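Me: I am new to this structure and should like to go through it by question and answer. Please reason briefly each time and end on the value or name requested.

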Amino acid sequence: VSIFSRHRTLMNIFDKAPHVHKEAFVAPSASLIGDVEVGQGSSIWYGCVLRGDANNVQVGSGTNIQDNSVVHVAKSNLTGKVFPTIIGDNVTVGHSAVLQGCTVEDEAFVGMGATLLDGVVVEKHGMVAAGALVRQNTRIPCGEVWGGNPAKFLRKLTDEEIAFIAESAANYSNLAKAHAVENAKPLEKIDFEKVLRKKVAYQDEEHDSMLSGTREVPPELALNSYYISICSVSLAVYV
């Protein structure tokens with residue numbers, strides 16, 4: 001019995017629809033809902049949720065939102081001010097971060113598990129340390145590292161650390177291209193490559209063992225000419 005997932009990577013809500021640049025990567029298990037925009041070369045990784053139902057979420061170019069992060073906006077809060085979430089270009093947002101109604105400027109860095117609340121602004125080349133909780137309306141100036149709960153100024157960034165922020169964004173942009181290629185493969189190609197890997201592994205093991213007797217070949221490795229020809233035709237269509 002075939003079971004189909006009802007998960008929708010891109011989902012409209014009300015009259016709003018996500019807009020993703022054709023050269024951006026959105027992992028199949030991510031969820032982009034409503035008024036969400038993702039720019040060129042950006043990557044939204046596995047398990048992320050970007051929900052733009054009450055306001056808009058903007059992600060610039062070359063930015064990476066890493067696995068299991070949540071980006072959201074608030075419909076209302078105690079101050080009465082409602083903010084979109086705006087993430088600039090070449091930003092790195094670490095695994096399992098939570099961004100709510102905040103602004104992260106170009107080439108800033110948000111560490112793993114950090115939480116940014118309504119009205120927070122992280123200026124260009126600002127860094128939020130892993131696990132930090134940045135309270136409402138806090139501004140993190142350019143070139144500073146903030147950490148803790150609640151987050152406070154820790155120190156200035158070094159020139160090497162500032163350079164690392166841009167390098168991190170570029171590395172994730174390149175890595176996303178490999179993931180995009182793998183995720184785009186048709187099922188026929190995936191199954192064929194799986195069988196070939198098993199066959200190669202079996203042959204290597206057989207060679208290394210130097211057994212004199214005859215070994216039984218597992219059924220899934222017995223590639224007959226008909227199966228190979230069918231797979232070859234399928235691959236020719238998709239490659």
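Me: Is Cys48 buried or exposed in this model?
Reply: The model is a predicted one. The relative accessible area of Cys48 is 0%, and the limit for a buried residue is under 20%. Cys48 is therefore classed as buried.

Me: Which class of exposure applies to Cys142?
Reply: The relative accessible area of Cys142 is 42%. A residue is buried under 20% and exposed over 50%, with a class in between. Cys142 therefore counts as partly exposed.

Me: How many disulfides does the count give?
Reply: A disulfide requires a pair of cysteine sulfur atoms within 2.5 Å. By this rule, the number of disulfides is 0.

Me: Where is Lys185 found, and is Lys185 buried or exposed?
Reply: Lys185 belongs to the loop between α1 (159–183) and α2 (187–209). Its relative accessible area is 19%, and the limit for burial is under 20%. Lys185 is therefore buried.

Me: Which side chain does the side chain of Lys185 join in a polar contact of 2.9 Å?
Reply: Polar contacts are counted within 3.5 Å. The contact of 2.9 Å links the side chain of Lys185 to that of Glu182.

Me: Which strands each supply at least two residues of the largest nonpolar core?
Reply: The largest nonpolar core has 33 residues. Among the members that touch the most others are Ile44, Leu99 and Val104. At least two residues of this core come from each of the strands β4 (31–38) and β6 (49–59).

Me: Which residues does Val104 contact, leaving aside its neighbours within four places in sequence?
Reply: Val104 is itself one of the core residues that touch the most other members. With those neighbours left aside, Val104 is in contact with Ile86, Ile87, Gly88, Val91, Leu99, Val110, Leu116 and Val122.

Me: Which strands stand at the edges of the open sheet of 8 strands?
Reply: The order of the sheet is β3-β5-β7-β10-β13-β16-β19-β20, with mixed pairing. A strand with a single partner has one side without a neighbour in the sheet, so it stands at an edge. The edge strands are β3 (25–26) and β20 (152–156).

Me: Which residue of β5 is the bridge partner of Val26?
Reply: Strands β3 and β5 (residues 43–44) pair in the parallel sense over 2 bridges. The partner of Val26 in β5 is Ile44.

Me: What share of the chain counts as buried?
Reply: The chain contains 3 helices and 20 strands. Of its 239 residues, the buried share is 38%.

Definitions and conventions
Residues numbered from 1 in each chain as written. Predicted model: local features only at pLDDT ≥ 70, side-chain atom pairs only at ≥ 80, totals over all residues. Heavy atoms only, no water. Helix = DSSP H or I, 4+ residues; strand = E, 2+ residues; numbered from the N terminus. Buried < 20%, exposed > 50% of the residue type's maximum accessible area, 1.4 Å probe, protein only. Polar contact = N/O pair within 3.5 Å; in protein donor to acceptor, adjacent residues only side chain to side chain. Core = buried A, V, L, I, M, F, W, Y, C linked by side-chain atoms within 4.5 Å. Contact = heavy atoms within 4.5 Å. Pairing = 2+ DSSP bridges.
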